[in-house]
Amino acid sequence: DGCGHTVLGPESGTLASINYPQTSPNSTVCEWEIRVKPGQRVQLKFGDFDIDDSDSCHSSYLRVHNGIGPTRTEIGKYCGFGFQMDGLITSKSNEVTVQFMSGTHTSGRGFLAAYSTTDKSDLITCLDNASHFSEPEFNKYCPAGCVIPFADISGTIPHGYRDSSSLCMAGVHAGVVSNTLGGQINVVISKGIPYYEGSLANNVTSKVGPLSTSLFTFKTSGCYGTLGMESGVIPDSQITASSILEWSDQTGQVNIWKPENARLKRVGPSWAAFISDEHQWLQIDLNKEKRITGIITTGSTLAEYYYYVSAYRILYSDDAQKWTVYREPGMDKDKIFQGNTELYQEVRNNFIPPIIARFFRINPLKWHQKIAMKVELLGCQLSIGRAPKITMPPPPQNKNDDKNDDFSDDFIHSVKTSLQTDKTTFTPEIKNTTVTPSVTKDVALAAVLVPVLVMVFTTLILILVCAWHWRNRKKKSEGTYDLPYWDRAGWWKGMKQFLPTKSAEHEETPVRYSSSEISHLRPREVPTMLQTESAEYAQPLVGGIVGTLHQRSTFKPEEGKEASYADLDPYNSPIQEVYHAYAEPLPITGPEYATPIIMDMSSHPSTPLGVPSISTFKAAGNQAPPLVGTYNKLLSRTDSTSSAQALYDTPKGQPGPGAADELVYQVPQSVAHSAGSKDE
């Protein structure tokens, strides 16, 4: 009467004292006999040990023996409060006896232990959680029987489980290990999340959990994709049932709960059986053999019809004629799966090992009010190199087995004679409906690449838009007669020979002459000295009266001079404006180049001595432009003692100074030019 939670599997298991983790009662005893395959040995590990040692292990203790029966030999006898046992207790054979004795005591929780074969070197107990391990990723072996009522888990797949959760119990909930068999788990630790959801899966209830510093998930084969019920990949013709619920409501509308309504998350009513008994079934044809690893179920999902299935069996077949009831390996009883506890919640159950079949049936055994459900199957396609089916050895023949066989025959017979025939409609082969491990990696890779590509293309588009906008602004800012900036380089090479430019020696400061310097020069040296200075436009070839230049006039450049962009005025006029390198166009009626006027001023009464002649330019138009050049200024300015108004002669051949057609500035009359006058 001292045995507590106990699951003895073929390769591993869990055992605990009665009432654990509470204080065990007085005067109780329990003995466990453990057997594994011949040729193997047993190892025992304690997760918790708390036995009263007030009488030196006389009345309360735990004793471990090699072997079973009278020939067994003692390995050790243990007691103590909070006793920490390092390492494992290993047997010498494939059989072990564990004996627990509880005498008179006032405290002590008892013990919880796990066992496995010695080839499982990474054995842990059901009490271990992720916080006990520091590695970011590790592999451990979970024993059978870790679905225990005194352990809690929080979270679910795929989000992860809280770090305080039992590793092995969470592994059962996730469907990576079986509670009756145990198994290997591959754990990955990552950063925690603020909230952990709760769910029901594989007869384990996960509770809602608060924020934690870390969480853990499990690495799996990836064969957990949906097989097409919810998505509609499985057509309606491949979903059949034993019977269909149908009736007319008060308004005369006919309500039909057809089998094709049994699609998970489908809006509206579910499938419901016309008769509620243990002989009803829902059948799904996958069109070819597939690996089925789990099932998700809900109830009717309609509040006014509180229908759901709370327990069911699973049958599978390759030809829809001979059916096999699902059993766990080594078990001689049909596996009964826990269904829903209400009509909305999704409940998941996993098949370990997976089912390989084409036809899949659900046989409800318990329900609420009526049999009604929606389902989705989990699994994947069979690989090219198909793994052989896992075959289970037939259990020993006895009367109970004969009864089970009779029940199965009666069950299949009742299915065939139910309201709807068992005929299956064959359709063309369906494409892959699941996500295989490789596809999962591709999806993860695509999830990274797609945002990166979107960002790259967005950046390129922004660059192109900015370039186009900048080009338009640049084009608007260019002059009316400027070349487009993309054509300047090529056009310049062709036009270089026609445009005036400075030579290397003209880069220095222009040579200038004051009035005093010019007055001391000989008459023939004045034009020569003036010609030596580089000008932006060609100098007149002959002398004459100083002329005026229109502001928008163009001069014909000298031959042999190279082109250049705009230079500052070499004559240093204080009011001179610097125009663009390219001259503005002439008026339509004006001449293309200014025509030099040759006039002899040697006989002029006010001409200084030594200056035989000067030149000026003829300008068209009604407006007289300002003087240009140092030489014009030199000849036009008067002495500081001169009158504020200058008198000008009428040019030869001109009607008078009032003529509007052509006007040129003349040298002032009766004004003596002093050689030593200063520029204003």
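Strands here are DSSP runs of E with at least two residues, and helices are runs of H or I with at least four, both numbered from the N terminus. The model is predicted, so local features need pLDDT of at least 70, side-chain atom pairs count only at pLDDT 80 or more, and totals for chains, interfaces and linings use all residues. Residues are numbered from 1 along each chain as its sequence is written, and side-chain values use heavy atoms, with hydrogens and water left out.

**Exercise 1. Find where S27 is and say whether S27 is buried or exposed.**

Step one: look in the loop between β2 (12-17) and β3 (28-35), and there's S27.
Step two: check the backbone. Phi of S27 is near 55°, a positive value in a residue other than glycine. Most residues other than glycine have a negative phi.
Step three: check the surface. Buried means under 20% relative accessible area, exposed over 50%, and partly exposed in between (1.4 Å probe, protein chains only). S27 has 55% relative accessibility, so S27 counts as exposed.

**Exercise 2. Do the same for T301.**

Step one: T301 turns up in the loop between β22 and β23.
Step two: T301 isn't a glycine, yet its phi is positive, about 65°.
Step three: with 24% relative accessibility, T301 counts as partly exposed.

**Exercise 3. Work out which backbone oxygens the side chain of K374 reaches.**

Step one: go to strand β27 (residues 372-381), which holds K374.
Step two: K374 counts as buried because its relative accessibility is 1%.
Step three: look for polar contacts, meaning pairs of N or O atoms within 3.5 Å; within protein, one must be able to donate a hydrogen and the other to accept it, and residues adjacent in sequence count only if both atoms are side-chain atoms. The K374 side chain reaches the backbone oxygen of R266 at 2.4 Å and that of G268 at 2.9 Å.

**Exercise 4. Track down the cis peptide bonds before P158 and P353.**

Step one: I157 and P158 are joined by a cis peptide bond, with omega about 5°. P158 sits in the loop between β11 (155-156) and β12 (160-162).
Step two: I352 and P353 are also joined by a cis bond, with omega about 0°. P353 lies in strand β26.

**Exercise 5. Say how many residues of helix α1 are buried.**

Step one: find α1 at residues 167-174.
Step two: eight of its eight residues are buried, among them L167, M169 and H173.
Step three: move just past α1 to G175, which takes a positive phi of about 85°.
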